[in-house]
Protein chains: 2
Amino acid sequence: MRTVDLIQRKRDGEELAPEEIDYLLDGYTNGEVPDYQMSAFLMAVYFSGMSDREVSRFTDCMLRSGESVDLSSVSGIKVDKHSTGGVGDKTSLIVAPLAASAGVLVPMMSGRALGHTGGTLDKLESIPGFHTSLSPDDVRRLLGEVGMCFLGQSDRLAPADGKLYALRDVTATVESIPLISSSIMSKKLAEGLDALVLDVKVGSGAFMKKQVDARRLAQMMVGIGRRMDKRVQALITDMSQPLGYAVGNALEVMEASQTLQNAGPSDLTKLSIELAARMIHLSKKTASLDDARRLAEEKLVDGSGYRKFKQVVAAQGGNPQALDKFELLPNATGMREVTSPRGGYVTLIDAEDIGVASNMIGAGRDRKEDTIDPAVGIILEVKVGEKVDAGSVLCRLYYTREDRVEEAADLVEDAFRISAQKPEERELILEVVG
Amino acid sequence: MRTVDLIQRKRDGEELAPEEIDYLLDGYTNGEVPDYQMSAFLMAVYFSGMSDREVSRFTDCMLRSGESVDLSSVSGIKVDKHSTGGVGDKTSLIVAPLAASAGVLVPMMSGRALGHTGGTLDKLESIPGFHTSLSPDDVRRLLGEVGMCFLGQSDRLAPADGKLYALRDVTATVESIPLISSSIMSKKLAEGLDALVLDVKVGSGAFMKKQVDARRLAQMMVGIGRRMDKRVQALITDMSQPLGYAVGNALEVMEASQTLQNAGPSDLTKLSIELAARMIHLSKKTASLDDARRLAEEKLVDGSGYRKFKQVVAAQGGNPQALDKFELLPNATGMREVTSPRGGYVTLIDAEDIGVASNMIGAGRDRKEDTIDPAVGIILEVKVGEKVDAGSVLCRLYYTREDRVEEAADLVEDAFRISAQKPEERELILEVVG
């Protein structure tokens with residue numbers, strides 16, 4: 001077997017056999033296949049795609065390249081949720097406690113902010129004392145004691161994915177549906193799950209700008225899971241405007257906390273209930289999906305989810321009081337309002353622009369090595385479809401350093417489109433796959 | 001400027017600016033752009049192509065990466081011919097002396113056999129004593145004294161192309177029309193030419209299997225030349241069957257010698273006259289192309305071309321007597337006939353199969369480091385369109401080692417298709433570009 005022949009066959013749109021995928025990926029992991037051949041292969045995949053069979057084997061290779069978290073000693077069905085990333089998407093903080101309070105075991109593996117999208121780990125770390133570096137023993141103990149935990153991704157899980165991602169990042173091969181699918185699924189499947197709910201975002205604030213691409217990504221990930229005997233469902237949800245009102249780490253923790261007290265934005269509440277319900281249903285806690293929705297709502301309304309959130313925060317070293325007393329969270333020192341230049345309806349709030357502006361004032365990372373300011377961010381005052389007057393506040397920027405505030409404010413102003421005509425209502429949950 | 005952004009823009013089908021091409025190629029040559037980014041870029045070019053402007057700049061970068069042969073001190077118009085490679089294509093050995101005997105200055109830069117196609121340098125080196133490693137001073141002296149020379153490609157000409165080609169070879173990015181065009185033209189333009197005639201082969205024995213691809217390659221190379229103020233013309237010629245009857249190094253020298261004595265195969269003679277005529281016309285030796293054709297024919301018939309060939313062989317250290325007395329050339333020790341299984345018309349002689357079979361018995365190279373047996377090869381007894389009886393000889397294999405003769409004979413037998421119906425006649429010269 002020669003690597004160049006495998007590259008050529010992929011280039012020419014052929015399907016590679018399982019042992020050929022193994023040869024490439026195992027060879028890459030152990031250094032026998034050099035970077036320059038792998039990058040040509042990745043670009044060929046970008047153009048020629050991969051079959052379901054290929055992408056499953058590819059995922060399996062990456063999974064096999066490292067350790068798995070062995071959760072077999074914890075009895076019960078383990079379910080996680082994964083979002084492909086958006087702006088203001090703090091559902092993980094809400095959904096995991098809701099599902100856990102309904103009896104689902106939730107080892108929630110989360111990531112960090114990158115580009116214009118936020119990261120659950122960064123949000124949680126704005127809670128004083130909270131830490132996410134858990135050993136496998138910690139995970140098993142927390143699942144037993146609390147029924148859930150938030151864990152960071154270990155370098156020992158799917159290291160081939162880490163190596164491959166670094167190469168994709170510098171060779172313009174990130175935006176490939178099979179490569180994204182296998183990257184996500186190899187990490188998720190390494191954490192010993194029985195089922196997984198995926199939230200595939202689509203719109204300006206998401207990696208997938210078109211619904212047809214989001215659907216292909218969802219289908220591919222659901223297919224990978226199925227071939228590995230995992231129950232996987234995907235929602236395709238709108239990310240054309242930010243989810244909820246808050247964007248920024250501590251600000252999102254506050255909003256998540258309010259939402260768990262049934263005082264959150266309606267879009268965020270609705271999506272969180274639906275995601276939690278899917279997790280509850282996949283873990284067979286209820287006979288029907290409708291029952292699962294009712295159970296999730298009940299756990300929100302009766303405060304069980306909120307109590308579970310406080311419990312896990314305490315169990316992972318954080319101060320649970322900060323979830324009531326927001327002055328215990330990092331707070332910004334400055335505030336800048338952005339007002340509407342005219343009266344009319346809000347027809348667009350470009351989520352990507354809001355995410356980029358939020359990064360400018362320090363809430364995110366452009367590069368992996370950037371540090372985050374947990375206090376800063378943006379709070380929207382209106383959402384798409386609402387009516388505003390000329391001069392009324394569209395949103396507020398909370399900052400601690402002034403240097404890029406005006407630039408960010410300009411970008412935020414551009415992100416809003418105000419028109420005379422009321423826009424058509426857009427569905428939040430667009431499709432279900434699997 | 002970031003390399004990854006340039007890769008992405010090429011991937012997305014955008015045109016890169018001249019300074020962006022420079023950044024990539026110059027960076028690659030001096031080691032700042034690593035192999036793994038260049039190979040991803042090359043694969044993106046494979047899929048997205050390059051504009052004429054891009055490919056010209058790309059060629060120019062490769063040209064600038066090394067030395068050029070300075071022929072300005074040699075007065076007169078310098079013209080070369082280049083073939084994209086075929087089976088039995090010994091036209092260089094005929095065309096260069098014909099054009100030189102008509103007064104054209106011909107610094108003929110030639111290559112080595114690779115894959116199933118032969119190489120002019122290997123053919124010439126089957127003549128005892130002949131050498132092709134010439135210094136720039138040698139080239140200038142030979143052009144002055146003989147009017148022509150055969151030179152090997154120096155590593156100092158377009159070294160970026162050498163580095164790039166080695167990378168393309170292991171990353172399945174060889175078969176890209178802009179990359180082939182720029183590779184050929186960077187080397188050709190480094191030898192101080194005024195004009196160039198290209199013979200773009202199409203058919204089973206050529207790199208280009210389809211005429212539409214051959215046309216795009218021809219157009220691209222002609223365009224590159226024009227933008228550098230060189231007169232360039234391309235013929236697109238048939239390579240579905242071998243050219244002439246002989247395939248193999250010394251065997252092809254013998255056939256070239258016969259052809260220069262006006263006793264060669266009609267297809268080889270016809271194409272050689274046409275190529276020489278184009279060179280004569282581009283160098284403005286005649287008022288019309290028809291005049292140039294008549295002049296080339298005259299030089300063939302009166303023996304001037306043949307004498308010029310002997311003269312250059314002697315000037316480059318070879319024994320010119322070997323061109324009359326073939327026993328002075330390397331001769332094979334064994335012969336194996338391949339006969340027709342049935343009577344009928346020869347409708348196909350797959351040139352690639354013949355080339356591969358010839359390699360099997362030692363006439364070519366599968367890898368660069370393989371050594372060549374100059375004596376061995378294949379002589380066809382018939383060509384497409386001829387009638388054969390059952391049991392009549394289709395061709396003869398000449399060998400010195402027996403180990404792969406039967407395997408080669410089987411392949412050769414498969415290469416011939418014998419049918420009841422006479423095939424339609426196929427044109428040898430299919431198109432002229434430029």
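1. A salt bridge within chain A is a convenient place to begin reading this predicted model: the side chains of Glu252(A) and Lys123(A) meet there, with 2.9 Å from N to O. The pair ties together distant parts of the chain, since Glu252(A) lies in helix α11 (residues 249–260) of chain A and Lys123(A) in helix α6 (residues 120–124) of chain A, 129 residues apart. Over all chains, the count of salt bridges comes to 76.

2. As to the overall form of the chain, chain A is built with 16 helices and 13 strands, and its C-alpha atoms fill a box of roughly 70 × 45 × 40 Å along the principal axes. The radius of gyration of chain A is 22 Å, which agrees with the value near 22 Å that a compact globule of 434 residues would have.

3. The relation between the two chains deserves a careful look. Two copies of a chain are related by a rotation about an axis and a shift along it. Here, a turn of 179° with a shift of 0.0 Å along the axis lays chain A on chain B with an RMSD of 0.1 Å, and that is the relation of a two-fold axis. The same surface serves both copies, in that 100% of the contact residues of chain A recur in chain B.

4. Turning to the extent of the interface, 22 residues of chain A are in contact with 22 residues of chain B, and the area buried between chain A and chain B is about 1800 Å², with carbon and sulfur atoms giving 67% of that area. On the side of chain A, the residues that lose the most area to chain B are Arg11(A), Tyr36(A) and Phe47(A), which together account for 35% of what that side buries. Tyr36(A) is also the residue of chain A that comes closest to the rotation axis, its C-alpha being at 1.9 Å.

5. The polar side of the interface can be described as well. Between chain A and chain B the count is 2 salt bridges, and Arg11(A), already named for the area it loses to chain B, meets Glu175(B) through its side chain in a salt bridge of 2.8 Å, N to O. Across the interface of chain A and chain B, 11 residue pairs are in polar contact, with both residues at pLDDT 80 or more.

6. Finally, the side of chain A that touches chain B draws at least two residues from each of α1 (3–11), α3 (35–48) and α8 (159–170) of chain A, and the largest share, 10 residues, comes from α3(A). By class, that side of chain A has 11 nonpolar, 6 polar and 5 charged residues.

Key: Residues numbered from 1 in each chain as written. Chains lettered and ligands numbered in written order. Heavy atoms only, no water. Least-squares fit on C-alpha atoms with pLDDT ≥ 70 in both. Contact = heavy atoms within 4.5 Å. Buried area = accessible area lost by both parts, 1.4 Å probe. Salt bridge = Lys/Arg side-chain N within 4 Å of Asp/Glu carboxyl O. Polar contact = N/O pair within 3.5 Å; in protein donor to acceptor, adjacent residues only side chain to side chain. Helix = DSSP H or I, 4+ residues; strand = E, 2+ residues; numbered from the N terminus. Nonpolar A, V, L, I, M, F, W, Y, C, P; charged D, E, K, R; others polar. Rg over C-alpha atoms; globule rule 2.2 N^0.38 Å.
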